[in-house]
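User: I have a chain here and would like to go through its fold one step at a time. Please keep the answers short and say what each one rests on.

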Amino acid sequence: MTNLHLVLKDLSHVLPDGRTLFSSLNEQFDMRSTGLVGRNGVGKTLLARILAGLLQPTSGHCQRHGNVYYLAQQVKYPDGSTVADLAGVKYTLAALARIESGSTAPEDFDAVGDDWGMQQRFQYELDRSNLNHLIADTPVSTLSGGEAMRVSLMGAMLSGADFLILDEPSNHLDRPNRQALIEQLQHWPHGLIVVSHDRQLLGSMERIVELSSHGLHSYGGNYSFYAEAKAHERQSALQNLDERKRERQRQELVTRTQRQRQERRQARGNRQGKEANQAKVLLDRQKQRSETSSARLRKKQAGSREQLNQQVREAARQIEDESQITLHELTVTQTAKRRVAELDSVELPYVNGPTHSINLILRGQQRIGIVGPNGCGKSTLLRVLSGQLKPLAGTCKITPEHAYLDQRLENLDPSNTVLEQLQLANRKTTEGHLRMRLAQLGLDAQKVATLSELLSGGERLKGALACILYADAPPQLLLLDEPNNHLDLPSIQALETMLRSYQGALMVVSHDYAFLENLGLTDCLLATEHGWSLESL
């Protein structure tokens with residue numbers, strides 16, 4: 001028991017709208033690195049927050065042994081925050097600086113505690129993370145999404161926690177930094193839970209725990225082992241369901257045969273009684289006996305039929321709900337030669353080095369994947385194109401019929417429901433049709449009526465996508481920044497299918513090379529040591 005850091009006992013959680021998210025969860029998380037997986041909206045993030053002690057369950061409890069550090073999937077910070085704030089070391093570094101300047105205040109020594117080497121450790125983590133161009137006072141607002149995540153991960157490593165819970169930590173990281181994260185976590189000496197859809201990261205875990213509508217199920221291996229076991233489980237469940245259905249069909253045939261025999265006997269008895277010229281009282285008794293016997297048979301058959309129906313329902317419940325995720329095609333028509341965006345000698349804010357400036361012309365049916373390391377200016381480029389940022393120099397022209405999806409999903413108001421926001425974006429389509437489209441994204445009636453801030457990361461992303469893709473006027477240009485972050489595999493595949501069929505212009509930032517390869521891109525915009533380079537594919 002002393003080796004167990006986190007223990008769930010009969011844990012249940014009910015959402016504010018009265019919906020039970022999960023119930024009667026029992027699990028033990030030990031020193032093995034564990035990947036927590038599940039479909040979007042099943043409750044992985046809420047469970048992670050309960051495990052970290054940031055949220056109380058409705059019933060049951062979680063026992064913690066040691067300090068737990070939780071890193072959220074969305075890195076949030078107030079205006080004016082610095083790198084030291086994001087890494088969680090601001091007060092320790094400030095207290096150290098005051099002590100070095102002669103302070104003897106007890107509160108400064110309390111703030112430092114045993115972390116007298118924090119300044120050196122902080123600098124070491126910056127160097128190790130290839131972030132040595134940053135200092136403690138660097139504003140967070142100047143960081144890329146990948147840099148912000150790497151600084152947040154630094155904070156996790158500097159926390160000295162006995163147990164780390166990381167929620168989608170590889171989001172926004174480029175390929176080298178994803179690999180560096182995997183190697184770093186493999187050397188983490190304490191407890192670890194990683195919530196993720198990243199198959200490469202999950203492949204480095206020692207076990208996988210799946211959260212589903214059936215509860216928690218532990219698999220004693222990495223993602224490949226889990227995927228193989230899940231495929232076997234599903235095949236067995238399908239076979240069981242098929243057997244239960246065949247058994248029900250056989251029983252229905254037996255029931256029908258018994259009923260026909262009973263009806264023939266009854267008819268024969270009535271006919272024989274009339275032919276024998278029996279008294280009416282005897283015929284009535286015979287009829288009553290026959291009806292009683294038929295009623296007993298019908299009752300027995302109904303009980304048998306209900307038992308078989310229940311067995312079929314139980315077998316069906318063992319099969320995970322894998323309803324298809326559907327994104328509708330966008331009807332966009334435009335000429336391939338039409339200019340939809342033009343950057344002329346544009347200088348990007350917050351970007352240093354060779355990718356500071358760019359010249360680019362984007363035409364009607366170009367599909368460009370933007371690739372490069374964290375901090376090279378990919379997200380900043382999209383923000384300049386969308387009009388959210390002004391260039392330091394040069395001119396930026398873009399078609400007004402464009403839509404922009406940023407990493408933080410700022411187009412989604414957390415205080416409104418997805419349905420309300422989609423109705424504001426699309427006033428021509430009926431509410432029923434909009435609800436149908438959201439349902440096909442996996443957002444059911446309860447979720448579309450829930451405030452956006454209460455949805456999971458994947459559900460918020462689906463809602464944000466719906467609001468830009470299903471607006472009144474289909475966009476002629478899509479600017480997408482890491483659009484597959486937070487999505488489970490079926491949702492990613494649906495997004496790929498929709499984007500492949502999209503006939504407008506497209507610019508998409510992603511570190512997922514498999515995702516980019518499935519979009520039918522025409523060009524790749526590379527951030528190189530010599531600047532931006534547009535290459536045809």
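**Surface, burial and one open sheet**

Analyst: The chain exposes about 26,600 Å², and 48% of that area is supplied by carbon and sulfur atoms. The model is a predicted one.

User: What percentage of the residues in the chain is buried?

Analyst: A residue is taken as buried under 20% relative accessible area. The chain has 537 residues, and the buried ones make up 48%.

User: How many helices and how many strands does the chain have?

Analyst: Helices and strands are taken as DSSP runs. On that basis the chain has 18 strands and 17 helices.

User: Which strands stand at the edges of the open sheet of 6 strands?

Analyst: The pairing in this sheet is mixed, and the order is β14-β15-β16-β12-β17-β18. Residues 402-405 and residues 531-536 form strands with a single partner each, so one side of each is left without a neighbour in the sheet. From one strand to the next, the twist averages 15°. The edge strands are β14 and β18.

User: Which residue is the bridge partner of H402 in β15?

Analyst: β14 and β15 (residues 477-481) run parallel and are joined by 4 bridges. For H402, the bridge partner in β15 is L477.

User: Which helix lies across β14 and β15, and at what angle does it run to β14?

Analyst: The helix spans residues 457-469 and lies across both strands. This is α15, and its angle to β14 is about 170°.

User: Is β12 mostly covered or mostly exposed?

Analyst: β12 comprises residues 367-371, and 5 of its 5 residues are buried. On one side these are R367, G369 and V371, and on the other I368 and I370, with both faces covered. The strand is therefore, by the cut-off of under 20% relative accessible area for buried residues, mostly covered.

User: Which residues stand opposite R367 in β16 and V371 in β17?

Analyst: β12 pairs with β16 (residues 505-509) in the parallel sense, over 4 bridges. β17 (residues 523-528) also runs parallel to β12 and is joined to it by 4 bridges. Opposite R367 stands L506 in β16, and opposite V371 in β17 stands L526.

User: Of the contacts in the chain with a separation of 6 or more, what percentage is between residues 24 or more positions apart?

Analyst: A contact here means heavy atoms within 4.5 Å. Among contacts with a separation of 6 or more, the share from residues 24 or more positions apart is 70%.

Technical notes. Residues numbered from 1 in each chain as written. Predicted model: local features only at pLDDT ≥ 70, side-chain atom pairs only at ≥ 80, totals over all residues. Heavy atoms only, no water. Pairing = 2+ DSSP bridges. Helix = DSSP H or I, 4+ residues; strand = E, 2+ residues; numbered from the N terminus. Axes fitted to C-alpha atoms, helices over the stretch in contact; angles between N-to-C directions. Buried < 20%, exposed > 50% of the residue type's maximum accessible area, 1.4 Å probe, protein only. Areas by Shrake-Rupley, 256 points an atom, 1.4 Å probe, with all protein chains shown as cover.
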